[in-house]
Amino acid sequence: MDMLYRSSFVDFVPSGHLVLAGLAAFIVVAIVLNALSQVLFADPNRPPVVFHWIPVFGSAVSYGMDPYKFFEDNRKKFGDVFTFVLLGRRMTVALGPQGNDFVLNAKLSDVSAEDAYQHLTTPVFGNGVIYDCPNHRLMEQKKFAKSALTVQAFRTYVPIIVGEVRNYWLKSPQFFGGNPNRASANAHLMTAMPELTIFTASRTLQGKDIRAKFDESFADLYHDLDRGFTPLHFVFPHIPIPASFRRNAAQKKVSDTYMAVIRDRRQRGDFSEFDVINTFLKEGIYKDGVRMTDREIANMQIGILMGGQHTSAATSTWALLHLAADPELCKALYREQIEVCGEDLPDLTYENLQNMTLLNYTIRETLRMHPPLHSLFRKVRSDLAIEGTHYVVPKGHYVMAAPGVPMIDSKYFKDPVTFRPSRWAEAKNEINLDDSGEATTVSKGAKSPYLPFGAGRHRCIGEQFAYVQLGTILAMFIREFTWTLPDSSGVPRPDYSSMVTLPSEPTNIVWTRRKVGEKKPVA
Ligand code: X2N
Ligand code: HEM
């Protein structure tokens, strides 16, 4: 007895640490049971589960470090459909065009985007909109927003963006820093492009009055919102850290500011600008007669600006980095500017942009290699059978699409890791865009290998605006500068640790003005 007792596990631990020892034993048992259950009790009616040692935590590290490697490794083991554990959630990935279709075109009664995103987005955007309302409300909110984003509006946006870019170059220390004769400098893109994006987006989508606030306190408040819009907050929405408290305070202040602007416009009876706020004020009445409140219109503005901000800033940064590594492409883009606009390069128009085929291919190619959103989620509402398999994804699990996977698959894109915008000019049979074979950026079917803007009922409404904004900004850079990567470093690797796929640091370029002195004054 004595011997047996002495040799027991507990006896090796100093007496005060029994609780810790108990905990350690519990964790060891949990790990062992978790591992055994995965190996021994694989349910044939469930998709295969990616093996993980730590219960709950699951595959967070390998997914979070490099989701594309994670998808590829597991696709080799399991095929297009498998489940992994991500910090307590069970995620079933469905890869390939079929998988995109399965997730993005799933029935509303089967899956829900709001159940997947709400806990992340609602504290940032506020109540009553986007994922904090029933899906039929979101559908109408998107329709209201979309009705602002017309060709007529875009015609007014292009010169506004041109003006904002010039003004930004002149003032920003990344560019002329107040000295319009500066000929060359090193610019940090992950500083400059988010700034340029928020100034141009707020000015066009939300009007002069909102834009003016970004020269003051608004930028800091949006910064606080950004720091509450992270994968950490996706996993732990209310994690009690300063970033969460600041996010909550900023949401209220930003929302109140939009409400004040709305009241002011009403008082002045001034709805003249083609912006999204005015469209909501004019059209924000749901089919059932319910009118959107000022608070909801305000919160909608936060959602739209936040969404457009991260995606677009990441895309322009990636595009400029790829251009820095490809002087031949830059030359061709400069020639295109002259061909489309004329030798003296008058200010850009929306019509000009539509004729810049290579520029638009460059954006399309950037989004192929660097779609900002690598994972799209839905929560399963009722048991979901996966066609062509015996798998059922049960209610409470998540399904996940990774539209970026086919975009870098050699099955669909020849030499997929090479940045080559001209590929888009080539035969359609090489790039199977969608079921109809349409070579359009607006592909409706989800069975397409190219879906940077998603598909189905949750598809992006911002695509055309993004092309106008990105096209104008990139064309301005091409006209004004040539640029390279510093020290002939390569294009940076992706960093997957924030909400959108960003380039890892350094994200600098060294720019040189074209024909210094011959240019018209920038201001
Ligand atoms: C701890 C690495 O980093 O091991 F914004 F009006 C506004 C998209 C939600 C993506 C969530 C998880 C990453 C864990 C890494 C609007 C324009 C939208 C559309 C694990 C160790 C919002 C969450 C990203 C999980 C990746 C999409 C956006 N157009 N914007 N371990 O929402 O559209 C909007 C729509 C989401 C995610 C993740 C980890 C309308 C680690 C290390 C660490 N993800 N992520 N938008 N991970 N690690 C948007 C739809 C909606
Ligand atoms: C939805 C990508 C810019 C507003 C989406 C989705 C994707 C996407 C993949 C689908 C999300 C899902 O299915 O879960 C992009 C990319 C952009 C971009 C790559 C830029 C390069 C914008 C801009 C706006 C915007 C500029 C606003 C003007 C929205 C909205 C939705 C959406 C409102 C609908 C969300 C839903 O219905 O659930 N976007 N987006 N996006 N995006 Fe974008």
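P506 is found in the loop between β11 (502-503) and β12 (508-513), and in this predicted model the peptide bond that joins E505 and P506 is cis, with omega at about 0°. Most peptide bonds are trans, and most residues other than glycine have a negative phi. With that background, the backbone at a few other positions also deserves a look.

What is the sign of phi at L345, which is not a glycine? The phi of L345 is positive, at about 45°, and the residue is found in the loop between α15 (327-341) and α16 (350-354). Because its relative accessibility is 8%, under the 20% limit, L345 counts as buried. D415 is likewise not a glycine and has a positive phi, here of about 50°; its place is in the loop between α18 (404-407) and α19 (463-480). The relative accessibility of D415 is 45%, so this residue counts as partly exposed.

From these local points one can step back to the chain as a whole. The secondary structure of the protein chain comes to 19 helices and twelve strands. Its C-alpha trace spans about 95 × 55 × 50 Å along the principal axes. Why can the radius of gyration of 26 Å be said to agree with a compact globule? For 523 residues, such a globule would have a radius of gyration near 24 Å, and the 26 Å of the protein chain agrees with that expectation. Of the 523 residues, 52% count as buried. Among the contacts in the protein chain with a separation of 6 or more, 70% are accounted for by residues that stand 24 or more positions apart.

The surface and the charges can be described in similar terms. The protein chain exposes about 23900 Å², and carbon and sulfur atoms supply 59% of that area. There are 58 positive and 54 negative side chains in the protein chain, and the centres of these two sets lie 2 Å apart.

Within this chain, one sheet can be followed strand by strand. This open sheet has five strands in the order β1-β2-β8-β5-β3, and its pairing is mixed. The edges are taken by β1 (81-86) and β3 (111-112), each of which has a single partner strand, so one side of each is left without a neighbour in the sheet.

Is β1, then, largely enclosed or left open by the rest of the structure? Six of the six residues of β1 are buried, so this strand is largely enclosed by the rest of the structure. Its side chains are divided between two directions, with V81, T83 and V85 pointing one way and F82, F84 and L86 the other way, and all of them are buried. The partner of β1 is strand β2 (residues 89-94), which runs antiparallel to it and is joined to it by six bridges. Within this pairing, L86 stands opposite R89, while V85 has R90 as its bridge partner. The two strands form a hairpin with two residues between them, and L87 in the turn has a positive phi of about 45°.

Ahead of this hairpin, D80 is found in the loop between α4 (67-78) and β1. At 35% relative accessibility, D80 counts as partly exposed. If residues up to four places away in sequence are not counted, D80 touches R75, V93, A94 and L95, of which V93 and A94 fall within the residue range of β2, 89-94. By contrast, the C-alpha atoms of D80 and H136, which are 56 residues apart along the chain, are separated by 31 Å.

The other end of the sheet is built around strand β5 (residues 376-380). Four of its five residues are buried, so β5 is largely enclosed by the rest of the structure. On one side, β5 is joined to the edge strand β3 by two bridges, and the two run antiparallel; here V111 of β3 has V380 of β5 as its bridge partner. In its other pairing, β5 is joined by four bridges to strand β8 (residues 398-401), again in an antiparallel arrangement, and F377 stands opposite M400 in β8. In the order of the sheet, β8 stands between β5 and β2, which brings the path back to the hairpin that β2 forms with β1.

Key: Residues are numbered from 1 along each chain as its sequence is written. Chains are lettered from A and ligands numbered from 1 in the order in which they are written. This is a predicted model: local features need pLDDT of at least 70, side-chain atom pairs count only at pLDDT 80 or more; totals for chains, interfaces and linings use all residues. Side-chain values use heavy atoms; hydrogens and water are left out. The radius of gyration is taken over C-alpha atoms; the globule rule is 2.2 Å times the number of residues to the power 0.38. Buried means under 20% relative accessible area, exposed over 50%, partly exposed in between (1.4 Å probe, protein chains only). Contact means heavy atoms within 4.5 Å. Accessible areas come from the Shrake-Rupley method with a 1.4 Å probe; for residues, only the protein chains shown count as cover. Lys and Arg count as positive and Asp and Glu as negative; His and the chain ends are not counted. The place of a charge is taken as NZ of Lys, CZ of Arg, CG of Asp or CD of Glu. Two strands pair if DSSP finds at least two bridges between them.
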